[in-house]
Amino acid sequence: MRFGWKIVLGGVIGVFGAACGSVGGVGGGGIFVPMLTLIVGFDAKSSTALSKCMITGAAAATVYYNLKLRHPTLELPIIDYDLALLFQPMLVLGISLGVALNVIFADWAITILLIILFIVTSSKAFFKGVETWKQETKLKKEAARHLEIDEDTTEEMEEKSPPTGSTIVAQAQFSESKREKVSIGENVCWKELGLLVAVWSIILALQIGKNYSTTCSVTYWVLSTLQIPVAVGVTGYEAISLYKGQRKIASRGEVSTNWKIHQLVSYSAIGILAGVVGGMLGLGGGFILGPLFLEMGIPPQVSSATATFIMAFSASMSVIEYYLLKRFPVPYALYLFAVAIIAAFVGQHVVRKLISLLGRASLIIFILAFTIFASAISLGGVGIARAIKKIERKEYMGFEDICSYEA
């Protein structure tokens, strides 16, 4: 395939997808895959692989951008590492399972699942955005009323006595106490990051070994099974620590941290589900994690940053596997990777400025909802078009046997 107007147009759409996906914390794969298939003209396998390259680029840029940022209201990193420890191992395990189910499930079944799931999650995210918008409006009105009262009080105090040097110093110290940015070394939780990287490395090694073994052989099933204790062990360690109160999801603020066993089991199961669906559709899983984090009471900025941080691991793992399997042309992958990086930086910068200017963190939730809905329309359309072509050609549309599948 030659470099031409289709690649340029795909790059423009990729900029839009990467910007929205990085801000919403969903990666943008639901926009990348249809763009690469319908506009640029890559086959389905290459489109999925190149989409993972773009997701990785956008996620890497977003994570780097967020590494210095702090929680919007608390003295914490904007990335919640305990939340990542609870979900990342399960997501990676689920993606491994989802890739296998992608081979087994019929295309029409995957398309139906995609449309239903994306419409439900985008609707939940939209209504959460409306609710957050209303809360922000209420808080802004209360803040304006308090400001008027404070101004009147300050004027009366100034008439009685001028501000002393100690008062001015105290005010300056208070304004500087909440820092928006710090150094990366100060903002990273190295122990938690080390555990996440260890999980990523071990499961990647097992996946590579599995890809080079004969499908359904003893080695294949052993390497597949060994991923379970790795992922469950790390998530279990985090879940038990949360249950005992030894660790906590600090980004939720003063919300009660008395975790129930069924809650932690449910969250772990949802992490696997996000990975399974992401693996089946060639996406990152953020379209489930993002809305879930919001429902858990995580602020939008932290939800987006943490979901993207988790996706950076799963997407980069897929890219390495696809590269070793020679699933994508490297020059195009580098071009689209660079496009996604630039778009993610621009998207993050612009949206952060808008949030600071308008005081509306709900913008992130609306971008999340829009990106998921757009992905439902685009991916659903591609799936329906493929199903119609198969019907016209009278091709087999049933379920497949993974042991007889040829990659």
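**Group meeting talk: a walk through an all-helix model**

Leaving out neighbours within four places in sequence, Gly30 makes contact with Leu283, Ser375, Ser378 and Leu379. I'm starting with that one glycine, hi everyone, and we'll work outwards from there. Please keep in mind that this is a predicted model.

So where does Gly30 sit? Gly30 is part of helix H2. Is Gly30 buried or exposed? Its relative accessible area is 4%, and because the cut-off for buried is under 20%, Gly30 counts as buried. Now look at one of its partners, Leu379. Along the chain, Gly30 and Leu379 are 349 residues apart, yet from C-alpha to C-alpha the separation in space is 6.1 Å.

Let's stay in this neighbourhood and look at a residue in helix H14, namely Thr371. With a relative accessibility of 1%, Thr371 is buried too. Setting aside residues up to four places away in sequence, Thr371 touches Cys20, Gly21, Val26 and Ile31.

Why did I choose these two residues? Both Gly30 and Thr371 are in the lining of the largest cavity, along with Val26, Gly28, Gly29, Phe118, Leu283, Phe287, Ile372 and Ser375. H2 and H14 are the elements that each give two or more residues to that lining, and H14 gives the most, with three. Here is a general thought for anyone new to this: rolling a probe the size of a water molecule over the atoms shows where empty space is left. How big is the largest cavity in volume? About 60 Å³. What kinds of residue line it? Five are nonpolar, five are polar, and none is charged. In total, the structure holds three cavities of 30 Å³ or more.

Let's zoom out for a moment. How many helices and strands does the protein have? There are 14 helices and zero strands, so if you read the elements from the N terminus on, you say "alpha" every time. The protein has 407 residues, and 49% of them count as buried. Take the contacts between residues at least 6 apart in sequence: 81% of those join residues at least 24 apart. Our pair of Gly30 and Leu379, 349 residues apart, is a nice picture to keep in mind here.

Next, two helices I'd like you to find on the screen. The first is H3. From its first C-alpha to its last, H3 reaches 32 Å over 23 residues, close to the 33 Å expected at 1.5 Å a residue. Of those 23 residues, 19 are buried, so H3 is largely enclosed by the rest of the structure.

The second is H13, with 29 residues. At 1.5 Å a residue H13 should span 42 Å, and its end C-alpha atoms are 41 Å apart, which agrees. Its buried residues include Tyr332, Leu336, Gly347, Arg352 and Ile355. What covers the buried residues of H13? The cover includes H1, H2, H3, H12 and H14. Just after H13 you'll find Gly359, which has a positive phi of about 65°.

While we're on phi, there is another residue to point out. Most residues other than glycine have a negative phi. Cys216 is not a glycine, but its phi is positive, at about 75°. You'll find Cys216 in the loop between helices H8 and H9.

Now for an open space: the second largest pocket. Its volume is about 1,200 Å³. It is lined by 37 residues, and the ones nearest its centre are Pro72, Thr73, Gln301, Ile355 and Ala361. You've met Ile355 already, among the buried residues of H13. Which helices each supply at least two residues of this lining? H5, H12 and H13 do, with H5 giving the most, at seven residues. By class, the lining has 13 nonpolar, 11 polar and 13 charged residues. Compare that with the largest cavity, where no lining residue is charged.

Last, a word about confidence. The mean pLDDT is 82, and 89% of the residues reach 70 or more. Where should you be careful? Over residues 163–177, pLDDT stays under 50, and the model has one contact there beyond four places in sequence. Where pLDDT is low, the predicted coordinates should not be read in detail.

That's my tour. Thanks for listening!

Notes:
Residues numbered from 1 in each chain as written. Predicted model: local features only at pLDDT ≥ 70, side-chain atom pairs only at ≥ 80, totals over all residues. Heavy atoms only, no water. pLDDT = per-residue confidence, 0-100. Contact = heavy atoms within 4.5 Å. 1 Å grid on protein atoms, 1.4 Å probe; cavity = no way out; pocket = protein on both sides within 12 Å on 5 of 7 lines; lining within 4 Å. Points joined across faces, edges and corners; volume = space filled by probe spheres on them. Helix = DSSP H or I, 4+ residues; strand = E, 2+ residues; numbered from the N terminus. Nonpolar A, V, L, I, M, F, W, Y, C, P; charged D, E, K, R; others polar. Expected span 1.5 Å × (residues − 1). Buried < 20%, exposed > 50% of the residue type's maximum accessible area, 1.4 Å probe, protein only.
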